[in-house]
Amino acid sequence: MATSVKLVLFNYLMVVVMFYNPSNSGAVQLNSENIDMTLASNELVLINFYADWCRFSNILQPIFDEAAEKVQAAFPDPGKVVMGKVDCDRESSVASRFHITKYPTLKVLRNGQPTKREYRGARTVEAFTEFIKKQLEDPIREFQNIKDLEQLDSKKRIVVGYFDRRDMPEYNTFRRVATNLKEDCQFHVGFGDVVQALHPPGHPIIVFRPDVAVSNENDETYMGDLKSFDELNIWVQEKCVPLVREITFENAEELTEEGLPFLILFYAPGDLESIKDYKAIVQMDLISEKQNVNFLTADGKRFAHPLHHLGKTQADLPLIAIDSFRHMYLFPNFKDIYVPGKLKQFLNDLYSGKLHREFHYGPEKDTAADSNAIEDSKNPTTPPESTFKKLGPSKNRYTLLRDEL
């Protein structure tokens, strides 16, 4: 009898752990004691990191609480979604853990892991609830015919799964990974007879298909443990999060917050060849610099304003520039990217300060005599100011906690 009671208690505790979804009126108050359990037991968690003394936090608080109540009513099933809030003054260790540098910060976490992108949408009840609904949509598109795969967008990174059935544990792992990385890759799946010719029965397969603008790489099959979420998640992340990213007005703020200078290819719409060459050169020659700079591409039509600052127009595309968040520096001749070492030297000249010096004092000479001549004929110039810094966090929306933003 005692064993039976223990078993019942054990099962009850397991249910509590699996479906821990604390609720009260408004957003759930999270702290160091309950945050880990909340993250581990919910598919999606949206957290408002706030401070009581911050006026922007005070403006947001009732809106966020009302949205949380609507979300709870729309998605009552345990383990699905929680909207939480953290008082950063009282929970400084939690704030530090999540690298909070401004108030209020809205972090999105899926399957216990922070996403790269914070919530930066409208701060209304309707916008929050719509965001949650969209986040909980199935990230995987099912195809009914193998020929459908031939119609997929070749400019996107794609992960395709071939499974016998939807109730396989391997598919559950695939779905969780797709939920985490749906903003970086497209996920497609086929089941049963539709894909039986492409994989042995009982042996599901996951394949990564690169976009045509990267290289001429072939599809790559995942060779790891299909039941290991961590292993598959790491593999897909390495494939789907590119070394070179596209900057848009929607993601510019999060990119500026990374604090790294931008090396940007401005391209004409439809110019896939320049993008492909740029990505290949970065991958081949500049991969060692990925901790020091963000490699980006930008639609020169959409980003005409930075071109204007550089004294260029769409007729000058493609071109490459560095934005250091202080000034913009133009790579003199786009065709020089094909000269080994030229683009890397451009970056080295940024690191050494040479680009900045030459903006102010003209080209530097190699000999001492030439250096003396420069000292006698310095002609200050007006370097273009950083354009992308202006797309960073707005002081009219956040209380910023550090000066460099």
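These numbered points walk through a predicted model.

1. **Overall make-up.** The protein contains 13 helices and 17 strands. It has 405 residues, and buried residues make up 48% of them. Contacts reach far along the chain. Among those between residues at least 6 apart in sequence, 74% join residues at least 24 apart. The exposed surface comes to about 21300 Å². Carbon and sulfur atoms supply 51% of that area.

2. **The disulfide.** The structure has 1 disulfide. A disulfide is a covalent bond between the sulfur atoms of two cysteines. Here the partners are cysteine 185 and cysteine 240, with sulfur atoms 2.0 Å apart. The link is left-handed, with -95 degrees about the S-S bond. Which parts of the chain does the pair of cysteine 185 and cysteine 240 tie together? Cysteine 185 lies in the loop between helix 6 (169–181) and strand 9 (186–191). Cysteine 240 belongs to helix 7 (residues 229–240). The pair therefore connects parts that are 55 residues apart in sequence. Both cysteine 185 and cysteine 240 are buried.

3. **Two cysteines outside any disulfide.** Cysteine 54 is in no disulfide. Its nearest cysteine sulfur belongs to cysteine 88, 9.8 Å away. A disulfide calls for sulfur atoms within 2.5 Å, so a gap of that kind does not qualify. Cysteine 54 is buried, with a relative accessible area of 1%. Cysteine 88 is likewise in no disulfide, and the nearest cysteine sulfur to it is that of cysteine 54. Cysteine 88 also counts as buried, at 4% relative accessibility.

4. **An open sheet.** One open sheet has 5 strands in the order 1-3-2-5-6, with mixed pairing. Which strands stand at the edges? They are strand 1 (28–29) and strand 6 (113–114). Each has a single partner strand, so one side of each is left without a neighbour in the sheet. Within the sheet order, strand 2 is followed by strand 5. Strand 2 (residues 44–50) and strand 5 (residues 105–110) pair in the antiparallel sense, over 6 bridges. To locate this pairing in the model, look at phenylalanine 49: its bridge partner in strand 5 is threonine 105.

5. **Aromatic pairs around phenylalanine 163.** The structure holds 17 aromatic pairs. A pair of aromatic rings is described by the distance of the centres and the angle of the planes. Phenylalanine 163 and phenylalanine 174 form a tilted pair, 5.5 Å centre to centre with 45 degrees between the planes. Phenylalanine 163 sits in strand 8 (residues 158–163) and phenylalanine 174 in helix 6, 11 residues apart. Phenylalanine 163 is buried, with a relative accessible area of 0%. Phenylalanine 174 is buried too, at 1% relative accessibility. Phenylalanine 163 also pairs with phenylalanine 191. Their ring centres are 6.4 Å apart and their planes stand at 40 degrees, so this pair is tilted. Phenylalanine 191 is in strand 9, so the pair ties together parts that are 28 residues apart in sequence. Both phenylalanine 163 and phenylalanine 191 are buried.

6. **The wider cluster, and a charge over a ring.** Phe163, Tyr171, Phe174, Phe187 and Phe191 form one aromatic cluster. Another ring, that of phenylalanine 229, has arginine 176 over its face. Arginine 176 is 4.1 Å from the ring centre.

7. **Strand 15.** Is strand 15 (residues 319–323) enclosed or left open by the rest of the structure? 5 of its 5 residues are buried, so strand 15 is largely enclosed. In a regular strand the side chains alternate between the two faces of the sheet. Leu319, Ala321 and Asp323 point one way from strand 15. Ile320 and Ile322 point the other way. Residues pointing either way are buried.

8. **Partners of strand 15.** Strand 13 (residues 262–267) runs antiparallel to strand 15, and 5 bridges join them. In this pairing, leucine 265 stands opposite isoleucine 320. Strand 15 also pairs with strand 16 (residues 328–330), in the antiparallel sense over 3 bridges. Aspartate 323 has methionine 328 of strand 16 as its bridge partner. The hairpin of strand 15 and strand 16 has 4 residues between the strands. In that hairpin, phenylalanine 325 takes a positive phi near 70 degrees.

Conventions:
Residues numbered from 1 in each chain as written. Predicted model: local features only at pLDDT ≥ 70, side-chain atom pairs only at ≥ 80, totals over all residues. Heavy atoms only, no water. Helix = DSSP H or I, 4+ residues; strand = E, 2+ residues; numbered from the N terminus. Buried < 20%, exposed > 50% of the residue type's maximum accessible area, 1.4 Å probe, protein only. Pairing = 2+ DSSP bridges. Phe/Tyr/Trp six-rings, centres within 6.5 Å; stacked < 30°, edge-to-face > 60°. Lys NZ or Arg CZ within 6 Å of the ring centre and 35° of its normal. Contact = heavy atoms within 4.5 Å. Areas by Shrake-Rupley, 256 points an atom, 1.4 Å probe, with all protein chains shown as cover.
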